[in-house]
Amino acid sequence: MIKIVNTFFCLIKKHPFVPILIGTTLSFIYLAKTLPIQFEENDDVTMLLVSSGAYSGRPDMHIEYINSLMGGLICILYKLNQTIEWYSILFSLIHIVSLTIIFKSIIVNKEINILMKVMFVIIILLFERYFITNFQFTTVALLLGVSGIILFLKNERIHKIVIGVLLLVISSLVRFDSALLIILILSPLIIINLSVSKKKILICIIAFLIIILFKITDNALYQKTNWQQYRVLWGLNSSIMDNPKADKIVIDKMYYINPNDFILYQYGLIDHNILN
């Protein structure tokens, strides 16, 4: 029995990802159940409805802010079984894996003392409370992008570098703007890291080209479809809802929007209790 226990703890020491993953998963489930978890904005609700088929009668990959390729994956899952809320489950899993990678980078770091490690973990858990009560695809993409760059910066092994870059690419599929923001903020660290590792430069170039290719593909999948008009109208709606200067929005080029309808919509009263 003692030998089994010793073997178990040796395994944890050699492979800390698994116990950290279990701990992160349990804490996520606990917080999600007690707080509870809920979407911050109607964007996620609408994209869930579109991808699940509740909006148009069948699952669809055109979910606006999320790349259509990721939307296609969610769409396939709903086609397999529409009784499961795949949208929320998939992004919860991505959220958990991202946090696990971030926690692991802190816990196994030998340059940080135990007190600082505990402080960092507590701070992240405080943010986690906010992320769960205001769950949204934007923060999921941000966490995934951060975890990907951490793997990229902290490792010299090819497979871990590739995994880090892959997570960053997936982050761009969840929300392109979030991935781009993370890259811009951490660009000084990325540039310094690239300057001492030539093999990472090639991987970075390939990743960048893939991200751009996926973005171009997403735009192409909207062209010459009703979803293109839907995307424009959705973007206009967001700019009205979030913009105190909405009356200055120019709609001349939006030929299918009647100016009078636009004014009526802009000044219409909206019951946020119903929308949320």
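Helices H2 and H5 are oblique to each other, and that pair makes a good place to start. Keep in mind as you look that this is a predicted model. H2 covers residues 17-34 and H5 covers residues 86-107. Their axes come within 9 Å and cross at roughly 130°. An angle over 145 degrees would count as roughly antiparallel, and one from 65 to 115 as roughly perpendicular, so a crossing of roughly 130° is called oblique. The crossing of these two helices is right-handed.

Which residues of H2 and H5 make the contact? From H2 come Phe17, Ile20, Leu21, Thr24, Thr25 and Phe28. From H5 come Ser92, His95, Ile96, Leu99, Thr100, Ile101, Phe103, Lys104 and Ile107. Sorted by class, the contact between H2 and H5 has nine nonpolar, five polar and one charged residues.

Now pick out one residue from that contact. Ser92 sits in helix H5. Is Ser92 buried or exposed? Its relative accessible area is 13%, and buried means under 20%, so Ser92 is buried. Setting aside neighbours within four places in sequence, Ser92 is in contact with Phe28, Ile37 and Phe135. Phe28 is a residue you have already met, on the H2 side of the contact with H5.

Next, travel along the chain to helix H10, which spans residues 187-195. Its buried residues are Ile190, Asn193 and Leu194. Seen down the axis of H10, these buried residues fall within an arc of 100°, so they line one face of the helix. A little helix geometry helps here. An α-helix has 3.6 residues a turn, so residues three or four places apart point the same way. On the other side of H10, Ile191, Ile192 and Ser195 are exposed.

What covers the buried residues of H10? The cover includes helix H7 (137-154), helix H9 (176-185) and helix H11 (198-222).

Finally, step back and take in the whole chain. How many helices and strands are there in the protein chain? There are 14 helices and zero strands, so reading along the sequence gives α-α-α-α-α-α-α-α-α-α-α-α-α-α. The protein chain has 276 residues, and buried residues make up 39% of them. Consider, too, the contacts between residues at least 6 apart in sequence: 65% of these join residues at least 24 apart.

Methods: Residues are numbered from 1 along each chain as its sequence is written. This is a predicted model: local features need pLDDT of at least 70, side-chain atom pairs count only at pLDDT 80 or more; totals for chains, interfaces and linings use all residues. Side-chain values use heavy atoms; hydrogens and water are left out. Axes are lines fitted to C-alpha atoms, for helices over the stretch in contact, and angles run from 0 to 180 degrees between N-to-C directions. Helices (H or I, at least four residues) and strands (E, at least two) are DSSP runs, numbered from the N terminus. Angles under 35 degrees count as roughly parallel, over 145 as roughly antiparallel, 65 to 115 as roughly perpendicular and the rest as oblique. A crossing is left-handed if the near helix is turned anticlockwise from the far one by less than a right angle, and right-handed if clockwise. Contact means heavy atoms within 4.5 Å. Ala, Val, Leu, Ile, Met, Phe, Trp, Tyr, Cys and Pro count as nonpolar, Asp, Glu, Lys and Arg as charged, and the others, Gly among them, as polar. Buried means under 20% relative accessible area, exposed over 50%, partly exposed in between (1.4 Å probe, protein chains only). The arc is that of the directions from the helix axis to the C-beta atoms.
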